[in-house]
Amino acid sequence: MSHTTNNLSEKKQAGMPTGYCPNLWNDDLAPVEPQERTWGWQNIAALWVAMVVCVPAYMLAASLVPEGMSWWQAVMTVFIGNLIVLIPMLLLGHAGAKHGIPFPVLLRSSFGTSGAKLASMLRGVVGCGWFGIQTWVGGSAIYVILNIVTDQALVGEPIPGLGIDLAQFLSFLVCWGMHIYFIARGTESIRVLETYAAPFLIAMSVGLLAWAVVKAGGFGSMLSTPSEFVKGGAREGEFWQAFWPGLTAMVGFWATLALNIPDFTRFAKNQRHQFIGQAVGLPIPMALLAFIAVGVASATVVIYGEALWDPIAITERMGGFAVIIALLALLVATVTTNIAANVVAPANGFANLSPRLISFRMGGFITAGLGIAIMPWKLLESTGAYIFIWLIGYSALLGPLAGIMLADYLLLRKTELSHADLFKNNGVYSYGNGWNTNAFIALVVAILPNLPGFLAAAGAIESVPDFFTTIYNYAWFVGVALGAGIYFVLMRISHPVAAMAQPEAG
């Protein structure tokens, strides 16, 4: 990550290449030169570990247990989901490693040089949401620390309209301000901290598991209790009704990174390094974190009489000075993870809107502002809201984007792109005034089947036919398939000769 930002801010000092359009080019969006692609697979794997080991990922895995799954069903659901999302990660990561371009620039080949601005914002807004969630998690750690020190003196009545008390809101703003500090200085300022954050957070997670096992005298009843879906269980015969939404949520968790993974693989030495780095860094750490999360939640049933899926709530009940150290470490790790995973993509997306006016840094400030506006604490009020509204909801939006990009880059262009035309208003990717209507038709049509289910899950409408509920449970998969299929057919039928040309990569 630090190498990424260093290159983004320092390369191309000579200025914009001749023939490029200033409304499409700046230093942050320019292709990385081959000699600057120095990331090995270890670097990419380490980056993934730093992003994987975070509180939202922990909460996602543990939240499957209250839904009725046994521990091994929850772990396998997480593992399978991450194996599935690894596929588009590797395929779209290929574009970054081969062409050295970021996500918003890659979008231009399918959505058009102007249309890509809107399409990248669909991803950017979701990134702002994740930024807000991670910042709320960090702020919660600050809030707990302050209340431990002051003997709960800061607990107050919720602020009308916000739903949280004043100290919670101020703690959130303090964590938000820490992000602003690092965005202003550039992420190079956290290079050393980020390097050590991932293994330190892993050690803390293992330590939490060890504490829970010792305290409970074993893993607790949950690991020996069958799922609620078995014969005689509370939800007998309903496993698949819980599995598919859970699997879609697992895929949706990384659906954002599946789109903008070129932002990172553009610095990979070659395809082998991006492939191995992602294959090692994503599914295995996620499965291990899932086991830790479920194991700790299992032990808390014995220790506290209920399954706790929020590690901050667990550490708050532990008490003692060790809790302050653990929460401070969690806060630092959250900040570094958040900048790596949730600032780069939306910042690049905002820069793509107006390269002459918005730099990567300014895009980061915009991201931070929207992170407050979404009120992320409301997204985490319950496991139902977290899984069925937020995760599955935006996977219904991003799935079609992924399908369109995959069909365009792999099936239509056979991985070949013209670098020069990606930065020209009158190049092969300009389509009609910079907009590829085929891509937007495919996007809208692929989103529509999931819309009724989303509205019902969000409470906007009372109910929908079971057919739409079922479709919504498969939101990401439906979106990818429809987006890719419709876009491919439309492009073949319309025969846009200029857009379909495959000039040599620049």
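**Exercise 1. Is Asn433 buried or exposed, by its relative accessibility?** Place the residue in the chain and comment on its backbone.

*Solution.* The model is predicted.
- Step 1: take the accessibility. Asn433 has a relative accessibility of 75%.
- Step 2: apply the cut-off. Exposed means over 50%, so Asn433 counts as exposed at 75%.
- Step 3: locate the residue. Asn433 sits in the loop between helix 18 (383–412) and helix 19 (437–447).
- Step 4: check the backbone. Phi of Asn433 is positive, about 55 degrees, although the residue is not a glycine.

**Exercise 2. Repeat the analysis for Asp151: where does this residue lie, and what is its phi?**

*Solution.*
- Step 1: locate the residue. The loop between helix 6 and helix 7 holds Asp151.
- Step 2: read the torsion. Phi of Asp151 is near 55 degrees, a positive value in a residue other than glycine.
- Step 3: classify the surface. Asp151 has a relative accessible area of 66%, so it is exposed.

**Exercise 3. How many salt bridges does the structure hold?** Work through three of these pairs.

*Solution.*
- Step 1: count. There are four salt bridges in the structure.
- Step 2: take Glu238 and Arg235. Their side chains meet at 3.1 Å, N to O. Glu238 has a relative accessible area of 27%, so it is partly exposed. Arg235, with 21%, is partly exposed.
- Step 3: take Arg317 and Glu306. The closest N and O atoms of this salt bridge are 2.6 Å apart. The pair links distant parts of the chain: Arg317 belongs to helix 14, and Glu306 to the loop between helix 13 (283–304) and helix 14, 11 residues apart. Arg317 is partly exposed at 41% relative accessibility. Glu306 is partly exposed, with a relative accessible area of 36%.
- Step 4: take Asp408 and Arg413. Their closest N and O atoms are 2.9 Å apart in a salt bridge. Both Asp408 and Arg413 are buried.

**Exercise 4. Which side chain of opposite charge is nearest to Arg266, and how far away is it?** Then find a polar partner.

*Solution.*
- Step 1: locate the residue. Arg266 is in the loop between helix 11 (262–265) and helix 12 (271–281).
- Step 2: look for an opposite charge. Asp263 has the nearest such side chain, 5.3 Å away.
- Step 3: apply the cut-off. A salt bridge needs the nitrogen within 4 Å of a carboxyl oxygen. Arg266 has no salt bridge, yet is buried.
- Step 4: look at the backbone. A polar atom of the Arg266 side chain lies 2.7 Å from the backbone oxygen of Ala30.

**Exercise 5. What lines the largest pocket?** Give its volume and the make-up of its lining.

*Solution.*
- Step 1: volume. The largest pocket holds about 500 Å³ of space.
- Step 2: lining. There are 23 lining residues; Trp136, Ser140, Asp310, Ile312 and Ala313 lie nearest the centre.
- Step 3: elements. Helix 3 (55–62), helix 6 (115–149), helix 7 (166–185) and helix 14 (311–318) each supply at least two residues. Helix 6 gives the most, with six residues.
- Step 4: classes. The lining of the largest pocket has 14 nonpolar, five polar and four charged residues.

**Exercise 6. How many cavities of 30 Å³ or more does the structure hold?** Describe the largest.

*Solution.*
- Step 1: count. Three cavities of 30 Å³ or more are present.
- Step 2: volume. The largest cavity contains about 90 Å³ of space.
- Step 3: lining. Residues around the largest cavity include Met51, Cys54, Trp130, Phe253, Trp254 and Asn342.
- Step 4: elements. Helix 6, helix 10 and helix 15 (321–342) give two or more residues to this lining. Helix 15 has the largest share, three residues.
- Step 5: classes. The lining of the largest cavity divides into eight nonpolar, four polar and no charged residues.

**Exercise 7. Why is helix 16 described as largely enclosed by the rest of the structure?** Then examine Leu259.

*Solution.*
- Step 1: count. Helix 16 (residues 344–353) has nine of its 10 residues buried, so the rest of the structure largely encloses it.
- Step 2: name some. Among the buried residues of helix 16 are Val344, Pro346, Asn348 and Phe350.
- Step 3: turn to helix 10 (residues 255–260), where Leu259 is found. Leu259 is buried at 0% relative accessibility.
- Step 4: find a partner along the chain. The C-alpha atoms of Leu259 and Leu107 are 9.5 Å apart, though 152 residues separate the two along the chain.

Technical notes. Residues numbered from 1 in each chain as written. Predicted model: local features only at pLDDT ≥ 70, side-chain atom pairs only at ≥ 80, totals over all residues. Heavy atoms only, no water. Helix = DSSP H or I, 4+ residues; strand = E, 2+ residues; numbered from the N terminus. Buried < 20%, exposed > 50% of the residue type's maximum accessible area, 1.4 Å probe, protein only. Lys, Arg positive; Asp, Glu negative; His and termini not counted. Polar contact = N/O pair within 3.5 Å; in protein donor to acceptor, adjacent residues only side chain to side chain. 1 Å grid on protein atoms, 1.4 Å probe; cavity = no way out; pocket = protein on both sides within 12 Å on 5 of 7 lines; lining within 4 Å. Points joined across faces, edges and corners; volume = space filled by probe spheres on them. Nonpolar A, V, L, I, M, F, W, Y, C, P; charged D, E, K, R; others polar.
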